[in-house]
Amino acid sequence: MTELQEDYPQEGEVRIPSGCAISGIFSRNGKRFGGQDAIRSIAVMHDRSNGLGGGYAGYGIYPEYKDYYAFHVFYYDNDAKNTCEKFFDEHFDVINLSKIPIRKHPRITDEPLIWRYFVTPLPTKLAASQLDEEEYVVRCVIKVNTDIKGAYVFSSGKNMGVFKAVGFPEDVGEFYRLDEYEGYAWTVHGRYPTNTPGWWGGAHPFALLDYTVVHNGEISSYDANRRFIEMFGYRCTLQTDTEVITYMIDYLHRKQCLTLDEVAHVIAAPFWSTIAMMPEERQKEYIYLRNTFASMLITGPFSIILGFNGGLMALNDRLKLRSLVAAEKGDMVYLASEESAIRIVEPDPDRIWYPRGGEPVIVTLSETGKKVVAAESK
Amino acid sequence: MAINYLYPDYEVIRNQQRCINCRVCERQCANEVHRYDEELKMMVSDESKCVNCHRCVALCPTRALKIVKTDNTFKENANWTGEAITDVYRQAGTGGVLLASMGTPKNYPVYWDRMLINASQVTNPSIDPLREPMETTTFLGQKSAKIRRNPDGSINTKTTPQLKLSVPVMFSAMSYGSISYNAHKSLALAAQKLGIFYNTGEGGLHEDFYQYGPNTIVQVASGRFGVHPGYLKAGAAIEIKMGQGAKPGIGGHLPGAKIVGDVSKTRMIPQGTDAISPAPHHDIYSIEDLRQLVFMLKEATNYEKPVIVKIAAVHNVSAIASGVARSGADIIAIDGFRGGTGAAPARTRDNVGIPIELALACVDRRLREEGIRNNVSIVIGGSIRNSADIVKAIALGADAVYVATSALIALGCHLCRTCHLGKCNWGIATQRPDLVKRLNPEVGSERLVNLINAWNHEIKEMMGGMGINSIEALRGNRLMLRGIGLTEKELQILGILHAGE
C-alpha cells in the first residue's frame with residue numbers, strides 16, 4: 001500500500017468520527033492467558049465494526065524484556081525504516097529487534113513493514129536532555145511520528161504491546177498470532193469509522209508508553225480538549241478522540257500525578273448539581289478539579305477502557321450515552337460494549353453490572369498478582 | 001451663514017387625523033421637538049431637534065407619530081456622501097471635534113454573522129436541555145498549574161480568587177455619571193438576581209449600592225475617580241481599565257454639567273468640574289508598571305479579589321494580552337471596536353481598533369501557543385447582540401462575555417446615539433431627575449433578568465444541539481464553527497474551517 005492514498009485524505013488530515021466495539025479481560029492474580037479470548041469476545045460484536053480497523057493491547061506479554069521499552073513500528077518503505085533506525089540508534093540502546101511475526105490472512109492485505117524493538121534510553125543522551133526517562137521516551141516517539149515520513153511508532157511501553165491493523169478485529173488477532181502471546185490483561189477494539197482512510201496507524205488502541213486506550217464514541221468536546229492539551233507539548237496528529245483522550249490521561253495521571261479515580265472525575269466530571277449535594281470536603285475537591293481542569297471535561301458519548309501496567313480502567317461519559325458492561329468471575333474481570341461479548345468467554349459470571357455514567361471501574365493487580373507478574377519477569 | 005444650515009436627518013410625521021392633542025409627546029421630549037400651537041390648535045414639531053429616540057412614538061396613545069429618514073438629499077456621490085459633506089460643514093462652522101455615542105454605526109464586517117454553528121447528527125446524539133442537565137456555570141480566574149497535596153494525600157484545594165457566574169455573561173463597565181442612578185440600580189439588582197456581575201465603570205460606587213458588592217466589579221481607570229480602600233474592598237473583583245474598544249488610545253471626559261449632586265460625591269470631585277480621564281494611566285507607561293498596579297490592588301485587598309485588566313482590541317492585541325497574562329492579572333477583558341461608549345470623538349470611534357472576533361481569536365491562540373492560556377480567563381465585549389454571538393465567542397475561546405449595549409436596550413435604549421447630550425428620554429444616559437425617574441429599577445432589572453435568562457435558554461439549546469452539556473467543553477472548541485463567505489486569511493485568523501469543509 002502507499003502511505004498517502006490519493007482518493008482519501010490521510011488520517012490526521014481530517015477528523016473522522018467512528019463508532020466502535022470495545023472489550024477488556026483482566027486477571028487480578030496476574031494469571032497469563034492467550035489473546036484468543038479477546039478475539040472471541042470482539043468477534044461476537046462483529047457488526048459494531050466495519051472492517052476498517054481493529055487492534056489489541058496485551059499486558060505482561062514480554063516478561064523476558066520487562067525493563068525495556070517495546071517499540072512496535074509501522075514502516076511504509078525501507079527508507080523510512082533506515083531513517084527511523086538511525087534515530088533509534090542515536091537515542092536508545094537497542095537490545096533486540098525483529099519483524100513482528102504474522103500469519104498471512106486473506107482479509108488482511110497491504111500490510112506495511114511491521115517491526116519490534118526493545119530499547120532503553122542512552123544514559124548520556126537521557127542525562128543531557130534533563131528529562132525523566134518516560135518523558136524522554138514520549139518525546140522521541142512523538143518526534144518519530146511527526147517528523148519521519150512513513151514511520152509510525154504505535155506501541156512504546158514496557159512489558160506490553162499493541163497490535164493493530166486495517167481489517168475486522170478478529171482477523172487482526174489471527175494475523176498477529178495473538179494466541180501465541182500470554183498476558184494478564186487484554187483490551188481489544190473494533191472500529192467503525194465513517195470514512196475510509198485505510199491507514200494502519202489509525203486503528204486502535206492508541207498508545208503512549210504503557211497507556212493504551214480503546215474507545216467507542218464521538219466526543220463533542222474534541223477541539224476544546226485538543227487545543228488545551230496541545231499547550232503542554234502534545235501534538236494531536238491523528239485527530240482522533242482516542243488520541244486526545246490518551247494524551248489527557250497521560251497528562252493528568254503521569255504528569256499531574258492524579259489518581260485514576262481523580263482523572264475520571266476530571267474527564268467525566270459530576271454535574272454541578274451532584275457536586276452541590278456532596279459533603280463539604282469532597283465538594284471542595286470536586287469543584288477544584290472541575291475548575292482547574294475545566295478544558296479537559298469530555299462531553300458527548302464515550303466508553304473507554306484504559307490499559308496500563310498493572311490494571312484497567314473502564315469509564316463512560318457522564319450521561320452514559322454508550323453501552324458498557326462489567327463482570328467478574330473469581331479473579332477475572334470482564335469489560336465490554338455488550339454483555340454478549342462477556343458471556344461468550346465467561347457464560348456464568350459471579351456478578352455482572354452496568355457501571356453508571358462517569359463512575360470509573362478501576363481494577364488493578366492484587367498483591368498475589370503483583371508478585372506473580374514480578375516473578376515471571378525475572 | 002446659510003452654509004451652516006444642515007437639513008435634519010429625520011422627519012417627524014404626525015397623522016393629524018389621529019392626533020388628539022394630548023401633548024404627551026411634548027411632555028416626554030427632553031429635546032423639545034413637540035409643541036402645541038395655540039393659534040393652529042394643533043401639535044407641531046421641530047425635527048431639527050429630533051434625535052430619533054422613539055420616546056414620543058412609543059408613548060403616543062393614538063399611534064399618530066412616526067419618524068422617517070428624510071429624503072432630502074445632496075447630489076448623489078459614492079465618495080462624498082451626505083454624511084461626509086455635513087461633517088465638513090459642522091467642523092468648518094465650529095472648529096470642534098465631532099462627538100458621538102454608542103458603538104460605531106459604520107458598515108464594518110460583523111464576523112459573528114459570518115460564522116455558523118454545528119449540530120449533532122447520527123454519530124453523536126444531540127442532548128435535550130429540557131430533559132438533561134445543561135451546565136453554563138463558569139469560573140473566572142487563574143487556574144493552578146500544578147496539583148499540590150496535603151500531608152494526608154488529599155488535594156490542596158486552595159486557589160487564587162475566582163468569580164463564579166451562573167451564565168457566562170456580565171454587564172460591562174458603565175459609570176455612574178454616564179448613566180443614571182436608576183440604570184445602575186437596575187444593573188446591580190439584575191446581577192444579584194442572576195448570579196452574575198455588573199461593573200461600576202470609572203465613576204466610583206454610589207453608597208446605596210455597596211449592598212450589591214458581591215455582584216459588583218469595581219473599576220479603577222486613569223482618572224481614579226471614586227477610588228478609595230472601601231471602594232476596592234466593596235466589590236467582588238477589581239478591573240483596571242487600560243482601554244475601551246470604542247475609543248482606544250484616548251481617555252474620557254464627563255462634562256462638568258453632569259457632575260452634580262451624588263455624581264460629584266461618588267467621584268470625589270467638586271461639583272461642576274469636568275471629570276477628565278487621561279489617555280494613559282500616568283503611573284503605567286509600560287507592562288512592568290501594570291504589574292505593579294495589579295499587585296498594589298491585590299495588596300490593598302489582601303489578595304481576596306481577582307484583578308481584571310481591560311484592554312481595547314488594537315492591532316497588536318495578542319502581544320499586549322500576552323504581557324497582561326504574565327502581569328499577575330486574573331482576567332483579561334478585551335473590548336472590540338464596535339463596543340459602545342457614552343461619548344467619544346466620532347473619528348476615533350469609527351476608525352480606531354479592530355473587531356473583537358479577530359482580536360479574541362488571535363489572543364486565545366497566542367496564549368495557547370505560549371502555554372499561558374490557563375494563567376488568565378478571557379472576557380470579551382464590543383457588541384454582543386444575542387445568544388448566538390455568545391456561543392460563537394465561547395467557541396472561539398472566550399470564557400465569558402461582557403454586554404452593555406444589549407443591557408441598555410433591554411432598559412429601553414433605542415440607540416439614538418446621543419448619550420453625550422445628557423438628555424436621554426429613556427432615563428438611562430442622563431442625570432436630569434425628571435428623566436431619570438422614567439426608568440423604574442424594579443422593572444428595569446426584571447427586563448435584564450428576562451433577557452439573560454432567555455439567552456441562557458438559547459445557549460443551552462444550541463449546546464445541546466452540538467451534543468455538549470457543559471459550557472467548558474464549548475470553550476475554544478473551534479471545530480464547532482464554520483465560516484461563511486470569508487477569505488482564506490480571515491479563516492486562518494479565526495482558526496476555523498469554511499462551511500462545507
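Colleague: Which residue stands opposite A:Ile362 in this predicted model?
Modeller: Take the two strands that carry the pair. Strand E14 (residues 311-316) and strand E18 (residues 361-364) of chain A are antiparallel partners, with 4 bridges. Opposite A:Ile362 of E18(A) stands A:Met313.

Colleague: Along E18(A), which residues are buried?
Modeller: In a regular strand, side chains alternate between the two faces of the sheet. E18(A) shows this alternation. A:Ile362 and A:Thr364 point to one face and are not buried. The buried ones, on the other face, are A:Val361 and A:Val363.

Colleague: In the open sheet of 4 strands in chain A, which are the edge strands?
Modeller: The order is E5-E6-E4-E7, with antiparallel pairing. An edge strand here pairs on one side only. That gives strand E5 (92-99) and strand E7 (151-155) of chain A.

Colleague: What is the bridge partner of A:Asn96 in E6(A)?
Modeller: E5(A) runs antiparallel to strand E6 (residues 113-121) of chain A, and 7 bridges join them. For A:Asn96, the partner in E6(A) is A:Phe118.

Colleague: What angle does helix H4 of chain A make with E7(A)?
Modeller: Start with helix H2 (residues 78-91) of chain A. H2 packs on the sheet and touches E4, E5, E6 and E7 of chain A, at about 10 degrees to E6(A). Helix H4 (residues 133-147) of chain A also packs on the sheet and touches E4, E5, E6 and E7. Its direction makes an angle with that of E7(A) of about 140 degrees.

Colleague: How many residues are in the largest nonpolar core?
Modeller: Among the residues with the most contacts inside this core are A:Phe71 and A:Phe88. A:Phe71 touches A:Phe88, and its other contacts include A:Phe92, A:Trp115 and A:Val137. The residue count of the core is 124.

Colleague: From which domains of chain A does this core draw at least three residues each?
Modeller: One of them has two segments, 18-62 and 169-377. The other spans 68-157. They are domain 1 and domain 2.

Colleague: How many residues has the second, separate core?
Modeller: Its members include B:Leu293, B:Val294, B:Leu411 and B:Leu491. The count is 102.

Colleague: Which residues in chain A lose the most area to chain B?
Modeller: The contact takes 42 residues from chain A and 44 residues from chain B. The buried area is about 3400 Å², and carbon and sulfur atoms give 54% of it. On the chain A side, three residues together account for 22% of what that side buries. They are A:Arg227, A:Met231 and A:Tyr288.

Technical notes: Residues are numbered from 1 along each chain as its sequence is written. Chains are lettered from A and ligands numbered from 1 in the order in which they are written. This is a predicted model: local features need pLDDT of at least 70, side-chain atom pairs count only at pLDDT 80 or more; totals for chains, interfaces and linings use all residues. Side-chain values use heavy atoms; hydrogens and water are left out. A nonpolar core is a set of buried Ala, Val, Leu, Ile, Met, Phe, Trp, Tyr and Cys residues joined through side-chain atoms within 4.5 Å. Buried means under 20% relative accessible area, exposed over 50%, partly exposed in between (1.4 Å probe, protein chains only). Domain bounds come from an automatic or database domain assignment. Contact means heavy atoms within 4.5 Å. Two strands pair if DSSP finds at least two bridges between them. Axes are lines fitted to C-alpha atoms, for helices over the stretch in contact, and angles run from 0 to 180 degrees between N-to-C directions. Buried area is the accessible area (1.4 Å probe) that two parts lose on being put together, summed over both. Lists of a residue's contacts leave out its neighbours within four places in sequence.
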